[in-house]
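Good morning, everyone. Please have the sequence and the structure open while I talk. I will go from charged pairs to cysteines, and then to some single residues.

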Amino acid sequence: MVSTATDWLTRLPAPAGALEPIQRRGREALAQLGLPTRRQEDWRLTDLTRLQGLLTLPLAALDHASAEAASAQNVPGRPENGWRVVLDGHSDPLAGVTLPEGVSELSGSELKQALGHTLARCGSAHHWPVEFNHSLASQVLALRIRGSVPPLEVLVGAAEASLSPTRILLVVEEKAELEILEVFLADSGAAHSHLFEMHLGQEARVRHGVVAQGSGDSALMAHLAVEQEPRSSYELITVSRGWALGRLEPQVVQVDGQASTVLKGLVLTADEQQFATHTTMRFEGEEGELDQLQKTVAAGRSHSIFNGAVNVPRAAQRTNAAQLSRNLLLSDRARIDTKPELEIVADDVRCAHGATVTQLQEEEMFYLRSRGISSARAAALLLRGYCQEVVDGLPPLAQRWPVIDHLLEGLER
Amino acid sequence: MIRPDAELLLDINDLHASVEAQPILNGVNLQVRAGEIHAVMGRNGSGKSTLSKVLAGHPAYRVTGGSVRYRGSDLLELEPEERSRLGVFLGFQYPVEIPGVSNLEFLRVSSNARRQQQGLEELDTFDFDDHVRERLSVVQMDPAFLERSVNEGFSGGEKKRNEILQMALLNPVVSILDETDSGLDIDALRIVAGGVNQLATPENATLLITHYQRLLDEITPDYVHVMAAGRILRTGGRELALELEKTGYDWVDEEVASTGQGVA
């Protein structure tokens, strides 16, 4: 395995640009780490052959225009009341973009100081998907947000049969407010390596939506690290479907407690797809709050994995956390693995968790059918209802995208 | 309204059915003509709810013998959705909650399935909205319930009103109302019964499945059937319900015991 990674590293273009030192360090780390193995708990269930497949892809070399016009996708026009940035893993993301008031680009020493800070706080260093991105990414969208700014839409494109490394760093200042929607598009065989870092200052409020729609053999490897100061509020709503290999890793740390975190995820898998969601929520101060809901739908011979870690050390007294994992199996051959991992040391806390795995309920089906609705339509209605709960939480920008219709395409028999 | 020459809508002959290999219906015979209101009474476990589910086509119930003809055709070979589209309606004893599915959308899809069968034009969102608001008056229902998920968080009375609203929209030929009175206070019972009365016409028929006589104070049946051990034990007019209320079901038990008509 190590040699596979080493071979791959030697074939990469030489480190260059603003992120050159990071690329260099990332490659060194990967050379040490090699490829993940099934002996590692976090990768125990992963189809490693598909992961190795990522290493055979050429790096992205498409331009903005083609990412935005990615033919197979229905990309709506730019948001009227918001602004859009396009990432293609290759070009300067801010070329031709006029930043709205309150938004400025981080560069030079500022960037050097901020980049990687949150990753370190979240314990993300030496994490394979992170170092993978480090070794590749040559561009970073790095922004400072002050006050209340218009909603931001980030289009993350990846062209057919290529690997697109993208990176975002957002520093959301004290009391600032941001709504951000990241939309991942992938042509067949395309792969994303995405690294997202965000720091929320005191009383900052961020609503973060992720819509990740793959197709064909596409792959998604995304790590989201978020650091919250006291009295900040962060909502992350992720909706994913259509990835042959998917891994989404939201890591949130409340550095001094007293912050509010909402994590809602929906993952749909079909055919032979495999998607893993690994969330980590860490409370490092008192009176933090978490409301987490993870929903999956598994059809065909697909495999959906959820690992939800919640860390409540002694310093995190009076934490109030709730995690619920709800899973729907649409086929006898699909597989769902769900695992809450609660590590609670503090004694004065409320931490609830639960997990359910069900099939479409016979009574619900019969009720709809007894009203003249065909069983196919009834199943589709029930499925839509199941997904709606998470989709409704996406930022309003998402209403311009046919999220739910895309999600259910092909699953509605 | 009894008219011997009215169309025979439902013809149940020696119907046997079981659930999980347990026989529940042991030879039900019943004929329902257009314009008639029938009440089927009986203790819990007598088979009356099973009868309603078998008629609606619940997949958990297996018909093991006998026949049911609906307007001359074999009802039992049809899927539940086909029965509904052809005009068979089951009002549920426990209407099912369906989170995430809007009540309005559910009602629209359901009505259009029936309308299509009837050769009527399907209604789009706007036309259906007008149509449903007009029908709400049948059960004095608050329009706010249209915007919520199907039956989710509805009180018992609201769920039953929602059932009768569906009946009003589907315009069924035979309505089977399973314990529609259960869990209702007297005001809600009057509203629901008033809705059923408004919807009764000389062309359709209603089968009321009930445990208590009080529903029959509000809806006057033409026939009352007493069910026990999976069969109809006795049929009479309204006075049979009144007699049951006075004497209770004890005589039914005795009759079942003496004739050996218990569950096989």
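Start with A:Arg369 and B:Glu81, whose side chains meet in a salt bridge, 2.7 Å from N to O. A salt bridge here is a side-chain nitrogen of Lys or Arg within 4 Å of a carboxyl oxygen of Asp or Glu. A:Arg369 lies in helix H8 of chain A, residues 362-369, and B:Glu81 lies in helix H2 of chain B, residues 80-85, so this pair joins two chains. Both A:Arg369 and B:Glu81 are buried. Buried means under 20% relative accessible area, exposed means over 50%, and partly exposed is in between, with a 1.4 Å probe and protein chains only. Helices (H or I, at least four residues) and strands (E, at least two) are DSSP runs, numbered from the N terminus.

Now some housekeeping. This is a predicted model: local features need pLDDT of at least 70, side-chain atom pairs count only at pLDDT 80 or more, and totals for chains, interfaces and linings use all residues. Residues are numbered from 1 along each chain as its sequence is written, chains are lettered from A and ligands numbered from 1 in the order in which they are written, and side-chain values use heavy atoms, with hydrogens and water left out.

Back to the charges. How many salt bridges does a search of the whole structure find? The search finds 37 over all chains.

Take a second one. B:Arg43 and B:Asp253 meet through their side chains in a salt bridge of 2.8 Å, N to O. This pair links distant parts of the chain, 210 residues apart. B:Arg43 is in the loop between strand S3 (37-42) and helix H1 (48-56) of chain B, and B:Asp253 is in helix H10, residues 250-259. B:Arg43 is partly exposed, at 33% relative accessibility. B:Asp253 is partly exposed too, at 36%.

A third one is B:Arg190 with B:Glu218. Their closest N and O atoms are 3.4 Å apart. B:Arg190 sits in helix H7 (186-199) of chain B and B:Glu218 in helix H8 (214-218) of chain B, so the pair ties together parts that are 28 residues apart in sequence. B:Arg190 has a relative accessible area of 48%, so we call B:Arg190 partly exposed. B:Glu218, at 23%, is partly exposed.

Some charges form a network. A:Glu41, A:Arg44, A:Lys339 and A:Glu341 are linked by salt bridges in this way.

Next, a patch of charge. Which residues form a negative surface patch? They are B:Glu121, B:Glu122, B:Asp124, B:Asp127 and B:Asp130. Patches are made of residues with over 30% relative accessible area and no salt bridge; like charges are joined within 9 Å, and nonpolar side chains (Val, Leu, Ile, Met, Phe, Trp, Tyr) within 5 Å. Look at B:Asp130 in helix H4 of chain B, residues 125-135. B:Asp130 is exposed, with a relative accessible area of 53%.

On to the cysteines. A disulfide is a covalent bond between the sulfur atoms of two cysteines. The rule used here asks for a pair of cysteine sulfur atoms within 2.5 Å. By this rule the count is zero over all chains. Why does A:Cys122 form no bond with A:Cys351? Because the sulfur of A:Cys122 is 18 Å from its closest cysteine sulfur, in A:Cys351, and that is too far. A:Cys122 counts as buried, at 14% relative accessibility. A:Cys351 is partly exposed, at 23%.

Now two backbone oddities. A:Lys175 has a positive phi of about 65 degrees, although A:Lys175 is not a glycine. Find A:Lys175 in the loop between strand S5 (163-172) and strand S6 (177-185) of chain A. A:Gln258 is not a glycine either, yet has a positive phi of about 50 degrees. A:Gln258 is in the loop between strand S11 (245-254) and strand S12 (260-269) of chain A. A:Gln258 is partly exposed, at 38% relative accessible area.

Last, two buried residues. A:Val149 lies in the loop between strand S3 (141-145) and strand S4 (152-156) of chain A. A:Val149 is buried, at 9%. A:Val149 and A:Gly102 are 47 residues apart along the chain, and their C-alpha atoms are separated by 6.1 Å. B:Leu240 is in helix H9 of chain B, residues 238-247. B:Leu240 is buried, at 4%. The C-alpha atoms of B:Leu240 and B:Leu10 are separated by 22 Å, with their places 230 residues apart along the chain.

Methods
Areas by Shrake-Rupley, 256 points an atom, 1.4 Å probe, with all protein chains shown as cover. Lys, Arg positive; Asp, Glu negative; His and termini not counted. Charge placed at Lys NZ, Arg CZ, Asp CG, Glu CD.
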